[in-house]
Amino acid sequence: MKHLAVITSFYGSQERRKLTLEQLSKYVSENNEVILVDANKVPAKSIPNEVTYLHLPASSIYEALNYGIMHTKADYYIICGDDDILNIKLIKEGLNLGKGSDIIIGEVKSGSHVFHPLKML
């Protein structure tokens, strides 16, 4: 089984942080890690033990995401927004289909619209 990291960052309110942490903590398992890089000036409170929390104040979202990528030892990682909902089971199945995959692509649902990959790699 391949090791997967879910990396996210946000620059928002305490309420948004709480919702993000609740959602992301569902993804943690023996083969999944969640890295949350907080770009807010004030660190978040009440971080679940299973979430790797990194605080990088006064940074952009992109700097924070890159910081998270540098801190994972996973075989694969996913970058997700603080309001994204992932299907980890489906992602893990995709990772285990073939050997040596560099990228896994799939559909993205936004509201009632589904965005499909334009071209298979």
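## An exposed alanine in a loop

Ala58 is exposed in this predicted model. Its relative accessible area is 71%, and the cut-off for exposed is over 50%. Ala58 sits in the loop that links S3 and H2.

The backbone of Ala58 also deserves a look. Its phi is positive, at about 60°, although Ala58 is not a glycine. Most residues other than glycine have a negative phi.

## The chain as a whole

The protein chain holds three helices and six strands. Read from the N terminus, the elements follow the order β-α-β-β-α-β-α-β-β. Of its 121 residues, 31% count as buried.

The protein chain exposes about 8,100 Å². Carbon and sulfur atoms supply 54% of that area. Now take the contacts in the protein chain with a separation of 6 or more: residues 24 or more positions apart account for 60% of them.

## The sheet

Four strands form an open sheet in the order S3-S2-S1-S4, and the pairing is parallel. S3 and S4 are the edge strands. Each has a single partner strand, so one side of each lacks a neighbour in the sheet. From one strand to the next, the twist averages 20°.

S1 covers residues 4-10 and pairs with S2 over seven bridges, in the parallel sense. Two bridge partners fix the register: Val6 is matched with Val34 of S2, and Ile7 with Ile35 of S2. On its pairing with S3 (residues 51-55), S2 makes five bridges, again in the parallel sense. There, Val34 stands opposite Val51 of S3.

## Strand S2, buried on both faces

S2 spans residues 32-38. Seven of its seven residues are buried, so the strand is largely enclosed by the rest of the structure. Both faces are covered. One side carries Asn32, Val34, Leu36 and Asp38; the other carries Glu33, Ile35 and Val37.

Asn32 belongs to this strand. Its relative accessibility is 7%. The cut-off for buried is under 20%, so Asn32 counts as buried. Beyond its neighbours within four places in sequence, Asn32 is in contact with Leu4, Tyr27, Ile88 and Lys92.

## Two nonpolar cores

The largest nonpolar core has 14 residues. Val6, Leu24, Tyr27, Val34, Leu86 and Ile88 touch the most other members. At least two residues of this core come from each of S1, helix H1 (14-25), S2 and strand S4 (76-80). Another core lies apart from it, with nine residues. Val37, Ala39, Leu65 and Ala74 are among them.

Val6 shows how the parts of the chain meet. Setting aside residues up to four places away in sequence, Val6 touches Leu24, Tyr27, Glu33, Val34, Ile35, Ile78, Cys80, Leu86 and Ile88. Val34 is in that list, and Val34 is also the bridge partner of Val6 in S2.

## Helices across the sheet

H1 lies across S1, S2, S3 and S4. Its direction is at about 175° to S1. H2 also lies across S1, S2, S3 and S4, running at about 155° to S1.

H2 covers residues 61-70, and Ala64, Leu65 and Gly68 are buried there. Down the axis of H2, the buried residues fall within an arc of 100°, so they line one face of the helix. An α-helix has 3.6 residues a turn, so residues three or four places apart point the same way. The cover over the buried residues of H2 includes S1, S2, S3 and S4. On the other side of H2, Tyr62 and Met70 are exposed. Leu65, one of the buried residues of H2, is also listed in the nine-residue core.

Technical notes: Residues are numbered from 1 along each chain as its sequence is written. This is a predicted model: local features need pLDDT of at least 70, side-chain atom pairs count only at pLDDT 80 or more; totals for chains, interfaces and linings use all residues. Side-chain values use heavy atoms; hydrogens and water are left out. Buried means under 20% relative accessible area, exposed over 50%, partly exposed in between (1.4 Å probe, protein chains only). Two strands pair if DSSP finds at least two bridges between them. A nonpolar core is a set of buried Ala, Val, Leu, Ile, Met, Phe, Trp, Tyr and Cys residues joined through side-chain atoms within 4.5 Å. Contact means heavy atoms within 4.5 Å. The arc is that of the directions from the helix axis to the C-beta atoms. Accessible areas come from the Shrake-Rupley method with a 1.4 Å probe; for residues, only the protein chains shown count as cover. Axes are lines fitted to C-alpha atoms, for helices over the stretch in contact, and angles run from 0 to 180 degrees between N-to-C directions.
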